[in-house]
Amino acid sequence: LVIVFQQEIRRFLLMIGSATFSRRRRFFKQLLMLRKTKNETDSALLDPIVLACQNMSLTHTGALIVITQNTPLSNYSRTGTYIDARITSTLLESIFSKNSPMHDGAVIISNDRLEGAGAILPVSDNTNLPARFGLRHRAALGISEKSDAICIVVSEETGHVALAHNGKLDPTEIGELKSKLIRLTEQG
């Protein structure tokens, strides 16, 4: 049973150690409800993220989305605005709108919730990065070097999408984004 429910047990222990009472209560409600399989849950979580990235890519709206895995990123979430909201493509696009005060920072997604926006991330010290990579790309690499998080970057200049994971930046076609995200979340 411990092996089968390893992810749920890990999530439970992390929530007990760092969550507020309302989050704990919500977690216990989730335990009582019938849960979908992990792949269905991941797919439902990733759909609004992929749709938002697709729309932002078309409009050349810069974005930096961080999806936590096993390493908690609450220290980075606290540098921005705490949100704790259900993930929707509309919310993500609103946050990264050029007129939004939080558009320059990162959005951090944790436990299937949008935890915070406008977060400040560490920048990679890698000097071998091409000059075309801006601060968003360097921040995505920086957090992926310090944690197991998956980062999605939408370039404001070109509209291109890239994934950062384990200190590597992978340019990604928008049509491949969801399948790559599913593969990376299954590894984590």
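This briefing walks through the fold, the cores, the surface and the salt bridges of the protein above.

The model is a predicted one, in which local features need pLDDT of at least 70 and side-chain atom pairs count only at pLDDT 80 or more, while totals for chains, interfaces and linings use all residues. Residues are numbered from 1 along each chain as its sequence is written, and side-chain values use heavy atoms, with hydrogens and water left out. The protein has seven helices and seven strands; helices (H or I, at least four residues) and strands (E, at least two) are DSSP runs, numbered from the N terminus.

**Overall layout**

- Starting at the N terminus, the order of elements is α-α-α-β-α-β-α-β-β-α-β-β-β-α.
- Of the 188 residues in the protein, 42% are buried. Here buried means under 20% relative accessible area, exposed means over 50%, and partly exposed is in between (1.4 Å probe, protein chains only).
- Contacts count when heavy atoms lie within 4.5 Å. Among contacts between residues at least 6 apart in sequence, 60% join residues at least 24 apart.
- About 10500 Å² of the protein is exposed, and carbon and sulfur atoms supply 56% of that area. Accessible areas come from the Shrake-Rupley method with a 1.4 Å probe; for residues, only the protein chains shown count as cover.

**The nonpolar cores**

- A nonpolar core is a set of buried Ala, Val, Leu, Ile, Met, Phe, Trp, Tyr and Cys residues joined through side-chain atoms within 4.5 Å.
- The largest nonpolar core has 26 residues, and Ile49, Ile65, Ile152 and Leu181 touch the most other members.
- Elements that each supply at least two residues of this core include strand 1 (63-67), helix 5 (89-95), strand 5 (150-154) and helix 7. Helix 3 gives the most to this core, with seven residues.
- A second, separate core of 14 residues includes Val66, Leu73, Ala119 and Ala164.
- Leu181 is in contact with Leu46, Val50, Ile67, Ile150, Ile152 and Leu163, leaving aside its neighbours within four places in sequence.

**Helix 7**

- In helix 7 (residues 177-187), the buried residues are Leu177, Lys180, Leu181, Leu184 and Thr185.
- These residues are on the same side of helix 7 because they cover an arc of only 130° around the axis. The arc is that of the directions from the helix axis to the C-beta atoms.

**Salt bridges**

- A search of the whole structure finds five salt bridges, each defined as a side-chain nitrogen of Lys or Arg within 4 Å of a carboxyl oxygen of Asp or Glu.
- One of them joins the side chains of Asp84 and Arg113, at 3.2 Å from N to O. This pair links distant parts of the chain, with Asp84 in strand 2 and Arg113 in strand 4, 29 residues apart.
- Asp84 is partly exposed, with a relative accessible area of 21%, and Arg113 is partly exposed with a value of 21%.
- Asp170 forms a salt bridge with Lys180, and the closest N and O atoms are 3.0 Å apart. Asp170 lies in strand 7 and Lys180 in helix 7, so this pair ties together parts that are 10 residues apart in sequence.
- Lys180 also forms a salt bridge with Glu176, where the closest N and O atoms are 3.8 Å apart. Asp170, Glu176 and Lys180 are thus linked in a network of salt bridges.
- Within this network, Lys180 counts as buried at 13% relative accessibility, Asp170 is partly exposed at 33%, and Glu176 is partly exposed at 37%.

**Backbone angles to look at**

- Most residues other than glycine have a negative phi.
- Asp84, in strand 2 (residues 81-85), has a positive phi of about 50° although it is not a glycine.
- Asn166 has a positive phi near 55°. Asn166 sits in the loop between strand 6 and strand 7 (168-172) and is exposed, with a relative accessible area of 52%.

**Surface patch and a buried loop residue**

- Leu1, Val2, Val4, Phe5, Ile9 and Leu13 form a nonpolar patch on the surface, with about 650 Å² of accessible area together. Patches are made of residues with over 30% relative accessible area and no salt bridge: like charges are joined within 9 Å, nonpolar side chains (Val, Leu, Ile, Met, Phe, Trp, Tyr) within 5 Å.
- Val4 belongs to the segment before helix 1 (6-18) and is exposed, with a relative accessible area of 62%.
- Ser100 lies in the loop between helix 5 and strand 3, yet counts as buried at 11% relative accessibility. Not counting residues up to four places away in sequence, Ser100 touches Ser94 and Ile95.
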